[in-house]
Amino acid sequence: MLVQAQHRFSVTDYYRMAETGVLKPGARVELLDGKIIDMSPIGPFHSGAVNRLIRLFGKMAGGRWLVSAQNPVHLDEFSEPQPDLMLLKPAADDYTSRHPHPDDVLLLVEVADTTLAFDREEKLPIYARAGISEVWILNLSARQIEIYREPHFTGYGSTRILRSGDFASPLAFPDVELGVTELLSLAK
C-alpha cells in the first residue's frame, strides 16, 4: 500500500528558496513545522496594537529585555515563525549574528484578530514543543488576554484568561504588573 507523505522544508531549504527567488522578495511567509505558510495581511488595527505594545514594553524594559516585533524566532530545524512581539534576553549584538532561540525568549505575544484560530491551533502547539516558556495571545475580538505557561510536547499545562480589571505579569518578571484594561485599551 502506497502512503502519500508531505515534504517538510527545513530552515536551510527555506532560506535557499528566498535566496534563489523561489520565494519572492518581501513575501509574507513563515516556516511552521516544515510548511511554508502565507501570513495574513496586517491591517491598521492589528499593527497599531503591536506598535503600542512595543512602546509599552519598551518603556518598561530598563535594560532587562529587548523588545522584538514581527521578527523570526528559530524554534528548530523546521520552524521559524515571526510572532508579533517577543521580549528577549539582552544580547550584546542585538541578535545580528543569529535569530533568537526558544531559550532566549522571555515572553512571546501574538496579537489575534482574524488569526485567532490559527494562533491557537497551529502556532501555540509548535511554541510549546519548542519550549517557549510563556505565550500571551492578545485576543482583540473577545477583549481578553490568554496566558499560556508550562510548555510540554502536546501544548501548555497552564492556561489563564484575563479580562479588563485583571493584572498580568510576565513569568520572567513577576515585579512587572500590567493592567489588562491598559493592554486591551491598546486595541481601540
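1. Start with the lining of the largest pocket in this predicted model: α3 makes the largest contribution there, with 3 residues. The pocket itself has a volume of about 310 Å³. It is lined by 21 residues, and the ones closest to its centre are R28, M39, S40, H46 and T115. Besides α3 (116-130), the elements that give two or more residues to this lining are β2 (35-38) and β5 (105-112).

2. What is the make-up of that lining by class? The largest pocket has 8 charged, 7 polar and 6 nonpolar residues around it.

3. Next, the second largest pocket, at about 180 Å³. Here 13 residues do the lining, with Y14, A18, L23, A27 and V29 nearest the centre. Helix α1 (residues 11-20) supplies the largest share, 3 residues. By class, the lining of this second largest pocket splits into 8 nonpolar, 3 polar and 2 charged residues.

4. On to enclosed space. How many cavities of 30 Å³ or more does a search of the whole structure find? Just 1 turns up. The largest cavity holds about 40 Å³ of space, and its lining is made of L53, F57, V109, W136, L138, I145 and L183. Two elements, α2 (44-61) and β6 (134-139), give two or more residues each to that lining. There is nothing polar or charged in the cavity lining: by class, it has 7 nonpolar residues.

5. Now the sheet. Which order do the strands take? You can trace 6 strands in an open sheet as β3-β4-β5-β6-β7-β8, with mixed pairing. β3 (66-69) and β8 (155-163) sit at the edges, each pairing on one side only. On average, neighbouring strands of this sheet are turned by 20 degrees against each other, ignoring direction.

6. If you want one strand pair to look at, try β6 and β7. β6 runs antiparallel to strand β7 (residues 144-152), and 6 bridges join the two. Within this part of the fold, N139 stands opposite Q144 in β7. As a reminder, strands of a sheet pair through backbone hydrogen bonds, either parallel or antiparallel.

7. Which strands does α2 touch as it packs on the sheet? They are β3, β4 (85-88), β5 and β6, and the direction of α2 makes about 155 degrees with that of β5. This is the helix that, along with β6, gives two or more residues to the lining of the largest cavity.

8. Finally, back to α3, which lies across β5, β6, β7 and β8 and runs at about 30 degrees to β7. So much for the helix we began with, the one giving 3 residues to the lining of the largest pocket.

How values were computed
Residues are numbered from 1 along each chain as its sequence is written. This is a predicted model: local features need pLDDT of at least 70, side-chain atom pairs count only at pLDDT 80 or more; totals for chains, interfaces and linings use all residues. Side-chain values use heavy atoms; hydrogens and water are left out. On a 1 Å grid over the protein atoms alone, a cavity is a set of points where a 1.4 Å probe fits but cannot get out, and a pocket is an open set with protein on both sides within 12 Å along at least five of seven lines; lining residues have an atom within 4 Å of a point. Grid points are joined across faces, edges and corners, and a volume is the space filled by probe spheres set on the points. Helices (H or I, at least four residues) and strands (E, at least two) are DSSP runs, numbered from the N terminus. Ala, Val, Leu, Ile, Met, Phe, Trp, Tyr, Cys and Pro count as nonpolar, Asp, Glu, Lys and Arg as charged, and the others, Gly among them, as polar. Two strands pair if DSSP finds at least two bridges between them. Axes are lines fitted to C-alpha atoms, for helices over the stretch in contact, and angles run from 0 to 180 degrees between N-to-C directions. Contact means heavy atoms within 4.5 Å.
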